Amino acid sequence: MLKDITLGQYFPGNTFVHRLDPRTKLLMVIVYIIALFLCEWFVTYGIMLTFLAVTVAISRIRLKALFKGLKPLIFIIIFTALINLFYSDGEVLVKFWIFTITKEGIFNAFFLVLRIMLLVTGTFMLTYTTSPIALTDGIESLLSPLKKVRFPVHELAMMMSIALRFIPTLIEETDKVISAQKARGADFETGNIFRRAKALIPILIPLFVSAFRRADELATAMECRCYHGGKGRTKMKQLHYRLADLFAFLIGAAILASVIILRHYGL
């Protein structure tokens, strides 16, 4: 299960999506999320699904990586779908015991599952096609107006970037600790919930020790390189909007406008 978590991973490439300015991709993700939550019926969801499919095809991200990112959420997806299926008001189709299946409940469950899948897959595309350094620069640039009120924009962007960068590392470390404990005879799959929780202690302790050690090593490395925050720092690579970014903004605006108009007509 841990190996299925792909959040924070970056797949290098030289496609149109990879070459977009990180600020463009951040804003496009925001527009994508807003448009997705405005969808109501098959037509609008079809537009969002088509847009995502085209983006994935252009970026050349493997479908296997996208589906792996959804595996850890299967339980949440199924649970929310069942809640909407059995407890939605509307035209009753089937009724047994305390469960009632309505026509509206079927549509609600289907659209909710589709929305979660599109939301997770679409947001994962940001980290799949953007390096942590570029993502840090993009976040810092977008939040730069907050520097006027002395908000630590650079430090916030740096912390977010480090967190995203070390998610795959911590997952790999956790998998190694679990494998080592299993080799020593540890059992994490049998017993009641309290016994399973107690069995996690031999995993959590070395994991925390490893995480603090890595944090200390990172802090030492940053101090050795005379890092003192964002004040007075310059960038080797400056961010500049290009014609491709303008084209992406136009596509995003067209999709959002289409969803809003179609929503007005119940589509």
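A residue counts as buried when its relative accessible area is under 20% and as exposed when that value is over 50%, a pair of cut-offs worth keeping in mind while moving through this predicted model.

Select Cys 39 to begin: its relative accessibility is 3%, so Cys 39 counts as buried. Then move to Cys 224, which at 60% relative accessibility counts as exposed. Should you wish to look for disulfides, a search of the whole structure finds 0 of them.

Next, go to the loop between helix H3 (42-59) and helix H4 (63-70), where Arg 60 is found. The backbone here deserves a check, since Arg 60 is not a glycine and yet has a positive phi, near 60°. With a relative accessible area of 70%, the residue Arg 60 is exposed.

Now select residues 153-183, which form helix H8. Its 31 residues, at 1.5 Å a residue, should span 45 Å, and because the end C-alpha atoms of H8 are 45 Å apart, the expected span and the model agree. Along H8, stop at Phe 166, where there is a kink of about 35°, and continue a short way to the proline Pro 168, which follows the kink.

With H8 still selected, colour its buried residues, among them Val 153, His 154, Ala 157 and Ser 161, and also Thr 169, Glu 173, Val 177 and Gln 181. Which helices do the buried residues of H8 pack against? Display helix H7 (132-142) and helix H10 (201-224), since these are the two that the buried residues of H8 pack against.

Finish at Gly 185, which follows H8 and has a positive phi, near 95°.

Key:
Residues numbered from 1 in each chain as written. Predicted model: local features only at pLDDT ≥ 70, side-chain atom pairs only at ≥ 80, totals over all residues. Heavy atoms only, no water. Helix = DSSP H or I, 4+ residues; strand = E, 2+ residues; numbered from the N terminus. Expected span 1.5 Å × (residues − 1). Bend = angle between axes of the 7 residues up to and from the residue. Buried < 20%, exposed > 50% of the residue type's maximum accessible area, 1.4 Å probe, protein only. Contact = heavy atoms within 4.5 Å. Disulfide = S-S within 2.5 Å.
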